[in-house]
Amino acid sequence: MDYSEALLPIIFNEVTKHVALSEQDLTPSRAKEIHELNSLYRDLVALNADVPPPPNQINGRLNDQVRKLKDAGNASYKKSQYSDAVRMYSLAIEMALKRPPWEASGFVREELSVLYSNRAQAHMSTGAWGDAMVDADTAIYLKRNFPKAHYRKGKCLQHMGRLHEAKAAYELGLESGGADGSDAELKSSLAEVNELLFL
């Protein structure tokens, strides 16, 4: 194979230090690779170090910002300001997703699963059952054993009239332990759905 055909000229911007390809060489997959390369460069420059830190270190400043936004969302939720809570949780999720790729993935998944689950609850309080279910499902994808997220997904499905799926969600929540205090809610909701299914 002649590899010279696969080589493309790269354009380097002296000011921004970013790389690019000419318009005729740019495809969607190449554009994605260029974007990822430039993002990695920005993340490394922001460290003010020659190499990334070990993966068990977490950016403390970013942690504080995410926690403050989450706390603001919790405070808004407690005041029944559900739309504001959704907005705060959304900002926290956006901030958490900006973590550099070398940070501990387990920590990031845990952080995001809680944020998505909290936003699901805020959506539920506004009656946005579809949005809430998507968030609960995302929380479960990030953390499989998350009874509260299974409960929230089940409630959404129940309100959307999808009772068999709601039952399955409650059962999965009970299987995953109920260690987060949602065991009683899951059992009660499962009994309620079973009753509705056999009417």
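**Helix α4**

I began with α4, which has 22 residues and reaches 32 Å from its first C-alpha to its last, close to the 32 Å expected at 1.5 Å a residue. I keep in mind throughout that this is a predicted model. Directly after the helix I looked at the backbone and noted that α4 is followed by G127, whose phi is positive, near 85°.

**The chain as a whole**

Stepping back, I counted 8 helices and 2 strands in the chain, and reading from the N terminus I wrote the order down as β-β-α-α-α-α-α-α-α-α. I then looked up how much of the chain is covered, and found that buried residues make up 34% of its 199 residues. The accessible surface comes to about 12,200 Å², and 55% of that surface belongs to carbon and sulfur atoms. For contacts between residues at least 6 apart in sequence, I noted that 53% join residues at least 24 apart.

**The largest nonpolar core**

Which residues touch the most other members of the largest nonpolar core? I found that they are L112, L115 and Y116, in a core of 15 residues. I also checked which helices contribute to this core, and α2 (60-78), α3 (82-96), α4 (105-126) and α5 (129-142) each supply at least two of its residues. Apart from this core I noted another one, of 13 residues, with A132, A166, A169 and Y170 among them.

Taking L112 by itself, and leaving aside its neighbours within four places in sequence, I listed its contacts as I93, A96, L97 and L142.

**Two residues with no accessible surface**

I next asked whether S113, which is found in helix α4, is buried or exposed. Its relative accessibility is 0%, so I entered S113 as buried, the limit being under 20%. Beyond its neighbours within four places in sequence, S113 is in contact with A139, L142, K143 and F146. I noticed that L142 appears in this list and also among the contacts of L112.

A85 is found in helix α3, and because its relative accessibility is 0%, I put A85 down as buried too. Not counting residues up to four places away in sequence, A85 touches G73, S76, Y77 and A122. I also looked up the distance from A85 to N74, which is 11 residues away along the chain, and their C-alpha atoms are separated by 6.7 Å.

**Aromatic rings**

My count of aromatic pairs in the structure came to 2. For the pair of Y151 and Y170 I noted ring centres 6.3 Å apart and planes at 35°, so I recorded this pair as tilted, because the angle falls between the limits of 30 and 60 degrees. The pair links distant parts of the chain, since Y151 is in helix α6 (residues 147-159) and Y170 is in helix α7 (residues 163-175), 19 residues apart. Both residues are covered, as Y151 is buried and so is Y170. Y170 is also one of the residues of the 13-residue core.

**Charges over rings**

Finally I looked for charged side chains placed over aromatic rings. The charged end of R109 sits over the ring of Y141, 5.7 Å from the ring centre. K143 lies over the face of F146, at 4.8 Å from the ring centre, and I add that both K143 and F146 were already on my list of contacts for S113.

Definitions and conventions. Residues are numbered from 1 along each chain as its sequence is written. This is a predicted model: local features need pLDDT of at least 70, side-chain atom pairs count only at pLDDT 80 or more; totals for chains, interfaces and linings use all residues. Side-chain values use heavy atoms; hydrogens and water are left out. A nonpolar core is a set of buried Ala, Val, Leu, Ile, Met, Phe, Trp, Tyr and Cys residues joined through side-chain atoms within 4.5 Å. Buried means under 20% relative accessible area, exposed over 50%, partly exposed in between (1.4 Å probe, protein chains only). Helices (H or I, at least four residues) and strands (E, at least two) are DSSP runs, numbered from the N terminus. Contact means heavy atoms within 4.5 Å. Accessible areas come from the Shrake-Rupley method with a 1.4 Å probe; for residues, only the protein chains shown count as cover. The expected span of a helix is 1.5 Å times one less than its number of residues. Rings of Phe, Tyr and Trp (its six-membered ring) pair if their centres lie within 6.5 Å; planes under 30 degrees apart count as stacked, over 60 as edge-to-face and the rest as tilted. A charge sits over a ring if NZ of Lys or CZ of Arg is within 6 Å of the ring centre and within 35 degrees of the ring normal.
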